[in-house]
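Biologist: Could you walk me through this model, one question at a time? I am new to reading structures, so please show me how you reach each answer.

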Amino acid sequence: MTDMKKLQTKYFGEIEYEAGDVLHFPEGLFGFEEEQGFLLLPFEGGGMLCLQSVKTPALAFVALDPFALKPDYAPELERAELKAFGVEETGDLGFYVLCAVKNPVSASTVNLKCPLVVHPETREARQVIMERYEMRHPLAEFSRGEEAAPC
């Protein structure tokens with residue numbers, strides 16, 4: 001029997017989830033260090049995800065797959081970061097980037113500099129800094145003239 005929990009969310013109303021669904025951020029997110037548990041929930045109709053706090057119902061971020069936006073995105077973790085995750089290679093981990101939603105949507109930006117890194121088996125996650133990338137990439141730069149997907 002599973003131990004289902006209920007959570008009021010920012011975008012989806014009340015949902016049920018299992019403890020094993022939670023991503024654990026031991027250091028929290030930058031600026032939200034006390035927030036250490038999040039769910040990654042898919043929005044309807046596309047590649048957008050909601051990073052929903054399990055502690056604070058009103059706290060949720062829009063997350064995207066950076067490789068879908070920028071196929072040549074090449075995050076590299078330091079040896080100590082890999083060791084903290086218990087992996088040998090960056091490719092053993094999952095990556096997500098946060099989107100700052102603006103109005104109009106075409107003014108939204110994506111943070112490639114500070115991705116969320118997730119160990120898919122342990123559900124441990126960290127936000128790291130990639131020196132070679134910028135924090136505010138306009139979402140429109142990834143749409144190549146097509147209508148940008150809303151964040």
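Biologist: Which residue forms a salt bridge with Glu16?

Modeller: Keep in mind that this is a predicted model. Glu16 lies in strand E2, while its partner sits in strand E1 (residues 4-9), so the pair ties together parts that are 10 residues apart in sequence. The closest N and O atoms of the pair are 3.4 Å apart, which falls within the 4 Å needed for a salt bridge. The partner of Glu16 is Lys6.

Biologist: Is Lys6 buried or exposed?

Modeller: Exposed means over 50% relative accessible area. Lys6 has 55% relative accessibility, whereas Glu16 has 48% and counts as partly exposed. By that cut-off, Lys6 is exposed.

Biologist: Which residues are joined into one network by salt bridges that share partners?

Modeller: Let us start with two other side chains, those of Glu124 and Arg126, which meet in a salt bridge of 2.4 Å, N to O. The network itself is built elsewhere, from salt bridges that share partners. Lys6 pairs with Glu16, and Lys6 also pairs with Glu14, with the closest N and O atoms 3.8 Å apart. The residues in the network are Lys6, Glu14 and Glu16.

Biologist: How many salt bridges are there in the count?

Modeller: We have met the pair of Glu14 and Lys6, and also the pair of Glu124 and Arg126. In that second pair, Glu124 is partly exposed at 22%, while Arg126 counts as buried at 16%. The count of salt bridges comes to six.

Biologist: Now for the inside. How many residues does the largest nonpolar core have?

Modeller: In soluble globular proteins, nonpolar side chains tend to be buried together. In this model, the residues with the most contacts inside the largest core are Leu64, Leu77, Leu93 and Val110. Elements that give two or more residues to this core include strand E2 (13-18), helix H2 (79-85) and strand E8 (109-118). The number of residues in the largest core is 30.

Biologist: Which residues is Leu77 in contact with, leaving aside neighbours within four places in sequence?

Modeller: Leu77 is one of the residues with the most contacts inside the largest core. With the sequence neighbours set aside, what remains are contacts with residues at other places along the chain. The list for Leu77 is Leu82, Phe85, Thr90, Leu93, Phe95, Val117, Val128 and Met130.

Biologist: Is His119 buried or exposed?

Modeller: His119 lies in the loop between E8 and E9. Not counting residues up to four places away in sequence, His119 touches Phe85, Val87, Leu93 and Glu124, and a polar atom of its side chain lies 3.2 Å from the backbone nitrogen of Glu121. The relative accessible area of His119 is 7%, and buried means under 20%, so His119 is buried.

Biologist: Which residue in the loop between E8 and strand E9 (125-127) has a positive phi, near 65°?

Modeller: This residue is partly exposed, with a relative accessible area of 25%. Its positive phi is found in a residue other than glycine. The residue is Arg123.

Biologist: Last one: which residues does a cis peptide bond join?

Modeller: Look at the loop between E7 and E8, where a proline lies. The omega of the bond is about 5°. The two residues joined are Asn103 and Pro104.

Definitions and conventions. Residues numbered from 1 in each chain as written. Predicted model: local features only at pLDDT ≥ 70, side-chain atom pairs only at ≥ 80, totals over all residues. Heavy atoms only, no water. Core = buried A, V, L, I, M, F, W, Y, C linked by side-chain atoms within 4.5 Å. Buried < 20%, exposed > 50% of the residue type's maximum accessible area, 1.4 Å probe, protein only. Helix = DSSP H or I, 4+ residues; strand = E, 2+ residues; numbered from the N terminus. Contact = heavy atoms within 4.5 Å. Polar contact = N/O pair within 3.5 Å; in protein donor to acceptor, adjacent residues only side chain to side chain. Salt bridge = Lys/Arg side-chain N within 4 Å of Asp/Glu carboxyl O.
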